[in-house]
Amino acid sequence: MIEFLQIIFSFFLFFLIISVPINIFNPKIFLNNKFSILGTASFNLILNCNILLFLSILPIALDSYNLFFVFLYFFAFIYIYFIKNPKFDLYKKFTQFLLLFFIIYLIIATNVAGELNLGWDAKYFYYIYALFFIENQNLYDLGKFVHGTWHPHLGSFYWAFFWNLMPIKFEYIGRLFYVFILCFSIFYVCHNNLKGALISNIIFILTILLFYKYGRFSGLQEVLIFSFLAILSKYFSLLKNSKNVFYVFFIILGCNLIIWFKSEGIAYASIIILLLNFSNQISRKIKIYINISYVSMIIFKIAIYQFFDAKLIDTSGHPYYLDYISSLNFSFIIYKLKFIIPYLSYYILMNIFFISGIIVLCLLNFQKKIDSYIKHLNYYFILNLAFIFCAYLFRDMDIEYSIKTTMERVIFTSSGFYIFLIINFIKNLNKNL
Amino acid sequence: MLNIKKKSQIIILLILIIAVVIKTNFFRNLTEVALHKFDDRIINKYGYCSGESIGYLLYLKKKYQIKDNPKIVNYIHTPQVNWVITNTKVINKNSEELIFLNYPGPETEIDLEKINNHLFEFKDVVFYSNKFDKIESIEITNDSKSFEKIKWKIDILTIDKYRNKKKIRTFDIKNLLDENKKNELNIFFENLNFTNEEKFYFVIKNKNISEFKNLQLKIVLKNKYILKNFQIIDGINNCYYVRQI
């Protein structure tokens, strides 16, 4: 029973991450514009995940700061919500609003605690990375691990951070943070404000029901990219004019996280940055800042991985070589395409979000007036497909093996960006009925 | 009217919550979490001395306070199991001890996967090449009742990820087909220099091969690790914790 109480407690711990430092009920203190409660909570999530990223690259043992971090956040929470600006009526309403989110989190978290099985890559890489942090080593010790240079460390750091916080240490508590992020991202995408929550709640549970598969939380990192892509997709829909600079700022911060979750994160982040560049709602001056920021983020990541170990994580251990790419001949490309196209079609058809996303996108493209969000999604679709084809064509690996072991997860990750489009479409249908 | 719409939405919401509860086996998981300890649940999931044998590894870790990353050789192809006893502080140092999981004995028989009557594949060859020294012999079985004398040629070849073929050896089989006689091969894995993605085939060169029903090929592999060469520290069923003598 203590374990179950820990699971309940973990929710409140993770809740700190979305409620501090910006007051979700009164964001004006930090931000000039007026944002929704969940919108502000998503800013907190992205901000805090970036703060945790910063902590993860410090050459300090996890034990020396993670309790301090949580106490600091706990006192900040008390100060912001109970001392500085208490609004108890609103809190009561918001607690009722969050109840369903809490119930769904609890159901999924119990499933994770019961299943316990780790995914193949989690056993090879991500669990061991997390173990490095748990055993008070830091990022720069990861170089000692033979497979330590294969994948970025951030998801494993989150895993270790929350696993280490609990009085009785069970590894799965760290993975519950992935559950929380996923539930929050879908909850945020489904809800606009506290009003009219019933239909949004139905859509939220329906989405969870269609999405849910234990394997997504078996320590693999795809679910993190999926969740942040879902959040960023909603930000794109809210980019109405050049005044929405905060959304641009948080899209960039979101991209910064995505590039540290998995190596292919750089492809998703680059697509998002390209979409910002294609946007008419953003001034040229801001676009220059966006590109400079993104290039700086990439350089920073490379510098961090090279600084201590002289190894570039993204290139070592990954089957992409210039020699191989330049040696590809026409018949070999055709041979590879014979595998890529049928499997890609199959996995797209099997992924409810991806296939629904394509169908909804096609329907909306036939409308008289296509808004900028649809244009962004068109570009995303094309660039995403181009990325998938390139990823498999240029990969120096047995094509069939490579597709069978990874493509389902690539399609799943990519589908995150379509979630908001589908949900919004269903909501509009409901309004018109 | 509005009230009816709201009520029906609440009913849908409840049905959906119940659907999530059912889909995730909530009550079964809740009972497991409430009644069983974490370690027991892990053992139930992964097996004690079968499959990944995580239960046995946890038992060894606890009993012998293992902190020096002994090499683990699991004879069943499962995901990596080192994560259970890894000590990241000495991650690249292997101790003198070894752990054998699902140990098959000094030799083991593998059925080759039949693609057609002419072509057989030795699946997972890279996995076996780390645990076994050589392909000792090959055996042919079939349903034929005739005492026909056969004279076959068998090519052993590998195909890499670029579809390049490499012939390893050609050998002749001359014996009565129903005798299931083993034919010596002695192909040493260390001479083959496998990369990760090679496929390993046995090709029978004989025109009349389709006449034989249920033709099967079996190979016998010789184990790299012979138990009598080790001091056994602990052992349960086919799982052993050993030290090199």
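Let's start at one small spot in this predicted model. B:Asn69 is partly exposed, because 19 other C-beta atoms lie within 10 Å and a residue needs 20 or more to count as buried. You'll find B:Asn69 in the loop between H4 and E1 of chain B. Its backbone is worth a look too: B:Asn69 has a positive phi of about 50 degrees although it is not a glycine. Most residues other than glycine have a negative phi.

B:Asn25 makes a good companion. This residue, also not a glycine, has a positive phi, near 50 degrees. It sits in the loop between helix H1 (2-23) and H2 of chain B. Is B:Asn25 buried or exposed? B:Asn25 is partly exposed, because 17 other C-beta atoms lie within 10 Å.

From the loop that holds B:Asn69, step into strand E1 of chain B, and you are in a sheet. This is an open sheet of four strands in chain B, in the order E1-E2-E13-E12, with mixed pairing. Strand E1 (71-74) and strand E12 (230-236) of chain B are the edges, each pairing on one side only. From one strand to the next, the twist averages 20 degrees. As background, the strands of a sheet pair through backbone hydrogen bonds, either parallel or antiparallel.

Now for the pairs within that sheet. Strand E2 (residues 97-101) and strand E13 (residues 239-244) of chain B are antiparallel partners, joined over four bridges. Two facing pairs help you line them up: B:Phe100 stands opposite B:Tyr240 in E13(B), and B:Glu97 stands opposite B:Arg243 in E13(B). On to the next pair: E12(B) and E13(B) are antiparallel as well, over six bridges. Here B:Ile232 is the residue opposite B:Val242 in E13(B). What do E12(B) and E13(B) form, with two residues between them? They form a hairpin, and B:Asn237 in its turn has a positive phi of about 50 degrees.

Something also lies across this sheet. Helix H4 (residues 54-64) of chain B crosses E2, E12 and E13 of chain B, running at about 155 degrees to E2(B).

Step back for a moment and take in chain B as a whole. It has five helices and 13 strands. Of its 245 residues, 21% are buried. Take the contacts in chain B between residues at least 6 apart in sequence: 72% of them join residues at least 24 apart.

Helix H2 (residues 26-35) of chain B is a nice one to turn around in your viewer. B:Asn29, B:Glu32 and B:Val33 in this helix are buried. They cover an arc of only 95 degrees around the axis, so they sit on the same side of H2(B). On the other side of H2(B), B:Phe27, B:Ala34 and B:Leu35 are exposed. What do the buried residues of H2(B) pack against? They pack against helix H1 (2-19) and helix H4 (88-115) of chain A, together with helix H3 (38-46) of chain B.

That brings us to where the two chains meet. The contact takes 37 residues from chain A and 33 residues from chain B. On the side of chain A that touches chain B, the elements that give two or more residues are H1, H4, helix H5 (120-134) and helix H8 (197-211) of chain A. Sorted by class, this side of chain A has 26 nonpolar, six polar and five charged residues.

While you are in chain A, look just past H1. The loop between H1 and helix H2 (37-56) of chain A holds A:Pro21. The peptide bond from A:Val20 to A:Pro21 is cis, with omega near 5 degrees, whereas most peptide bonds are trans.

Last stop, the cores. The largest nonpolar core has 141 residues, and those touching the most other members are A:Ala130, A:Val179, A:Cys183, A:Ile186, A:Ile251 and A:Ile272. Helix H7 (residues 171-190) of chain A gives this core its largest share, 16 residues. Which residues does A:Ile251 contact, leaving aside its neighbours within four places in sequence? They are A:Leu232, A:Tyr235, A:Ile272 and A:Leu276. There is also a second, separate core of 17 residues, which includes B:Ile138, B:Ile154, B:Phe200 and B:Leu217.

Definitions and conventions
Residues are numbered from 1 along each chain as its sequence is written. Chains are lettered from A and ligands numbered from 1 in the order in which they are written. This is a predicted model: local features need pLDDT of at least 70, side-chain atom pairs count only at pLDDT 80 or more; totals for chains, interfaces and linings use all residues. Two strands pair if DSSP finds at least two bridges between them. Axes are lines fitted to C-alpha atoms, for helices over the stretch in contact, and angles run from 0 to 180 degrees between N-to-C directions. Two residues are in contact if their C-beta atoms, placed from the backbone, lie within 7 Å. A residue is buried if 20 or more other C-beta atoms lie within 10 Å of its own, exposed if 12 or fewer, and partly exposed in between; C-beta atoms are placed from the backbone. The arc is that of the directions from the helix axis to the C-beta atoms. Ala, Val, Leu, Ile, Met, Phe, Trp, Tyr, Cys and Pro count as nonpolar, Asp, Glu, Lys and Arg as charged, and the others, Gly among them, as polar. A nonpolar core is a set of buried Ala, Val, Leu, Ile, Met, Phe, Trp, Tyr and Cys residues joined through C-beta atoms within 7 Å.
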